[in-house]
Amino acid sequence: MVKEVRGKGLMWGLELDRDAAPVVPAALQQGVIVNRAAETVVRLLPPLVITETDADEALGRLDAALAAVGAA
């Protein structure tokens, strides 16, 4: 599902092999706010004060959202 990960600093983009639109509400249901930056790109832009623990938890939740979309 994830073809490429790119970014700089804390701004990251996940290029998917499918439309990224369904990922946005799925991530929101998991408690993670992301947006669709292009047809197949999900943008991650966490706050500058994010802790490593919070980042790990958010990535786990994003993984669950991607799995839910992939299973649909």
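Trainee: Is D19 buried, partly exposed or exposed in this predicted model?
Mentor: D19 has a relative accessible area of 33%. Buried means under 20% and exposed means over 50%. With its 33%, D19 is therefore partly exposed.

Trainee: Which residue forms a salt bridge with D19?
Mentor: A salt bridge needs a side-chain nitrogen of Lys or Arg within 4 Å of a carboxyl oxygen of Asp or Glu. For D19, the closest N and O atoms of such a pair are 3.1 Å apart. The partner of D19 is R36.

Trainee: How many residues apart in sequence are the parts that R36 and D19 tie together?
Mentor: R36 lies in strand 3, residues 35-38. D19 lies in the loop between strand 2 and helix 1 (23-29), so the pair links parts at a sequence separation of 17 residues.

Trainee: Where do R61 and E57, another salt-bridged pair, lie?
Mentor: The closest N and O atoms of R61 and E57 are 2.8 Å apart. Four residues, about one turn of the helix, separate the two in sequence. Both lie in helix 2.

Trainee: Which residues are joined into one network by salt bridges that share partners?
Mentor: The search of the whole structure finds five salt bridges. One of them pairs E15 with R6, with the closest N and O atoms 2.8 Å apart. Shared partners make one network of E4, R6 and E15.

Trainee: Why does E15 count as buried?
Mentor: E15 sits in strand 2, residues 11-16. Leaving out residues up to four places away in sequence, E15 touches M1, V2, K3, E4, R6, T40 and V41. The cut-off for buried is under 20% relative accessible area, and E15 counts as buried because its relative accessibility is 18%.

Trainee: V2 is among the residues that E15 touches; which nonpolar surface patch includes V2?
Mentor: V2 lies in strand 1, residues 2-8. Residues of a patch have over 30% relative accessible area, and V2, at 39%, is partly exposed. The patch is made by V2, V5 and W12, and its area is about 250 Å².

Trainee: Which element supplies the largest share of the lining of the largest pocket?
Mentor: The largest pocket holds about 360 Å³ of space. Of its 17 lining residues, the closest to the centre are L44, P46, I50, A58 and L59. Strand 2 and helix 2 (52-71) each supply at least two lining residues. The largest share, five residues, comes from helix 2.

Note on methods. Residues numbered from 1 in each chain as written. Predicted model: local features only at pLDDT ≥ 70, side-chain atom pairs only at ≥ 80, totals over all residues. Heavy atoms only, no water. Patch = residues over 30% accessible without salt bridge, like charges linked within 9 Å, V, L, I, M, F, W, Y side chains within 5 Å. Areas by Shrake-Rupley, 256 points an atom, 1.4 Å probe, with all protein chains shown as cover. Buried < 20%, exposed > 50% of the residue type's maximum accessible area, 1.4 Å probe, protein only. Contact = heavy atoms within 4.5 Å. 1 Å grid on protein atoms, 1.4 Å probe; cavity = no way out; pocket = protein on both sides within 12 Å on 5 of 7 lines; lining within 4 Å. Points joined across faces, edges and corners; volume = space filled by probe spheres on them.
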